[in-house]
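Here's a quick tour of one protein and its ligand, written for someone who likes to know what to trust before setting up a calculation. Have a look at the structure first, and then we'll walk through it.

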Amino acid sequence: MTISGVEQASRVLRVLHVEDSELDHQLILAQLSRAGLKVEMERLDALPAVLAALDRPWDAIVSDFNLPGYSGLQVLEALKERRLLMPFILVSGEIGEDTAVAAMRNGASDYLLKNNLNRLAPALLHAIDAAENERARVTADHELVKSKQRLHQLAGHLQTSVELERAAIAREIHDDVGGSLTALKFDLAWIDRHAQEPEVRQRVAAALETVSSAIDASQRIMHNLRPAILEQGLVAALQWMTARFERRTGIEAGLRVGDERLALPPGVPLVAYRTAQEALTNVSKHSQATRVDIELSLDSGVLTLEIHDNGRGIAAGDLAKERSFGIRGLHERAATVGGWVDLSSSPGSGTSLILTVPLAADAIDALDDSTDFGNDTGASIWGRV
Ligand SMILES: Nc1ncnc2c1ncn2[C@@H]1O[C@H](COP(=O)(O)OP(=O)(O)O)[C@@H](O)[C@H]1O
Ligand SMILES: [Mg+2]
């Protein structure tokens with residue numbers, strides 16, 4: 001909050017006066033009260049006492065320049081060292097231009113000559129006002145940084161909990177629905193083998209068809225919730241995704257992989273998988289591209305996944321769309337494993353989305369090609385009958 005000059009004039013201002021002459025102190029005090037300011041002024045002159053007093057809560061410091069054994073600039077220096085946002089006004093019998101410049105450069109609010117103190121009161125009020133504003137700005141900046149951090153943490157947490165929730169639902173579908181449907185299919189197959197009447201066999205055949213399509217649907221839902229293919233490694237999952245994308249959309253899709261056997265820490269394969277998934281969805285939805293290239297490489301401990309299309313490119317306003325969360329979500333997702341996403345695009349040369357994840361050296365050595373998924377939801381039990 002900013003305090004106006006009027007408010008300052010009506011409250012008692014606490015001012016530290018660094019001054020060796022009691023007479024000058026009284027003069028300044030008289031000057032300020034003549035100007036209508038209520039001031040509680042404490043005079044100190046010995047340097048150690050002045051330095052000790054800096055940590056007390058002053059509204060402002062008024063300091064002489066020539067002091068016994070030191071100068072006012074030293075007090076200013078000490079203020080700066082302590083990062084105190086306190087107004088500092090230099091008042092001197094005579095002040096050279098060099099000194100004035102040095103003082104202002106070091107953060108003094110103002111400088112005045114002792115033989116012309118008319119400006120002191122307004123200068124003091126102005127300096128206090130400016131310091132209040134600066135303090136408010138610093139606090140607001142700090143709050144903004146903190147709130148951005150909290151937002152990032154929340155977004156990251158949401159991404160992670162959504163994945164955990166999806167995995168839990170997939171597991172339930174697998175264990176409960178999947179188990180029952182498979183058992184049902186066994187029983188129907190048994191009835192089919194043992195039934196004599198054609199009507200019953202007809203019904204059983206229809207029921208078997210329904211169960212098969214229910215099994216297909218559950219598999220599809222499970223896959224969308226939690227890509228079981230990732231259990232075979234990120235490379236296999238990307239190969240599968242690329243082939244399926246090409247088949248579904250008719251957009252030519254190529255995958256280049258530097259090293260087939262990638263050792264990745266937990267969490268990273270899923271982030272890479274979801275990134276490729278969103279990027280490919282965007283290519284089919286927005287780009288009007290005829291070709292997309294996916295490249296995965298691990299170089300000097302840095303994993304890079306690039307999805308490049310030859311489409312129309314992203315326009316400046318596209319990423320600011322209020323209801324578009326795909327790419328924003330990717331930034332947050334990448335941050336959960338210490339990575340980031342870059343986008344580059346120019347009209348005519350398409351769009352590149354690049355995920356970069358630096359991997360900790362020990363994480364690379366310690367891990368094989370497994371992902372953070374257990375093996376409990378393998379697709380193997382489906383359709384075994
Ligand atoms: N590969 C791309 N080519 C052209 N435009 C794209 C591409 N990817 C994204 N965009 C643009 O960026 C916008 C934001 O994308 P995104 O954050 O994924 O949100 P959404 O896909 O839900 O709109 C899209 O609406 C689209 O206009
Ligand atoms: Mg999208």
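Counting up the secondary structure, you get eleven helices and twelve strands in the protein. Its radius of gyration comes out at 36 Å, well over the 21 Å that the globule rule gives for 385 residues, so the protein is more spread out than a compact globule. The box tells a similar story: along the principal axes, the C-alpha atoms fill roughly 120 × 40 × 40 Å. Keep in mind that this is a predicted model.

**Layout**

The domain assignment splits the protein into domain 1 (5-118), domain 2 (161-225) and domain 3 (234-369). Between the centres of domain 1 and domain 2 there are 85 Å, taken over C-alpha atoms. As for packing, 28% of the 385 residues count as buried. Of the contacts with a separation of 6 or more, 71% are between residues 24 or more positions apart.

**How far to trust it**

The average pLDDT is 88, and 91% of the residues score at least 70. Where is confidence lowest, and where is it highest? Helix H11 (residues 361-366) is at the bottom with a mean of 54, while strand E12 (residues 351-358) is at the top with 97. Over residues 366-385 the pLDDT drops below 50, although this stretch still has 39 contacts in the model beyond near neighbours in sequence. Where pLDDT is low, the predicted coordinates should not be read in detail.

**Around the ligand**

Which residues come nearest to ligand 1? Out of 18 residues around it, those are Asn282, Ser287, Ser324, Gly326 and Ile327. Helix H9 (268-287) and helix H10 (326-335) each put at least two residues into the shell, and H9 gives the most, with five. By character, the shell around ligand 1 divides into four nonpolar, eight polar and six charged residues.

**Some loop residues**

Four loop positions are worth a look, and here's how they sit.

| Residue | Loop between | C-beta neighbours within 10 Å |
|---|---|---|
| Arginine 83 | helix H4 (72-81) and strand E6 (88-92) | 7, exposed |
| Alanine 195 | helix H6 (120-194) and H7 | 14, partly exposed |
| Glutamine 232 | helix H7 (198-225) and helix H8 (234-249) | 15, partly exposed |
| Glutamine 288 | H9 and strand E9 (291-299) | 14, partly exposed |

Two of these have backbone angles to check. Most residues other than glycine have a negative phi. Arginine 83, though, has a positive phi of about 55° without being a glycine. Glutamine 288 also has a positive phi, near 55°, and is likewise a residue other than glycine.

The other two say something about their surroundings. Which residues does alanine 195 touch, leaving aside its neighbours within four places in sequence? Its contacts are Val200, Arg201 and Val204. Why does alanine 195 count as partly exposed? Alanine 195 has 14 C-beta neighbours inside 10 Å, and a residue has to reach 20 or more to be buried, or have 12 or fewer to be exposed. Glutamine 232 gives a feel for the distances involved: glutamine 232 and alanine 108 are 124 residues apart in sequence, and their C-alpha atoms are 66 Å apart in space.

Definitions and conventions
Residues numbered from 1 in each chain as written. Chains lettered and ligands numbered in written order. Predicted model: local features only at pLDDT ≥ 70, side-chain atom pairs only at ≥ 80, totals over all residues. Domains from an automatic or database assignment. Near = placed C-beta within 6 Å. Helix = DSSP H or I, 4+ residues; strand = E, 2+ residues; numbered from the N terminus. Nonpolar A, V, L, I, M, F, W, Y, C, P; charged D, E, K, R; others polar. Rg over C-alpha atoms; globule rule 2.2 N^0.38 Å. Contact = placed C-beta atoms within 7 Å. pLDDT = per-residue confidence, 0-100.
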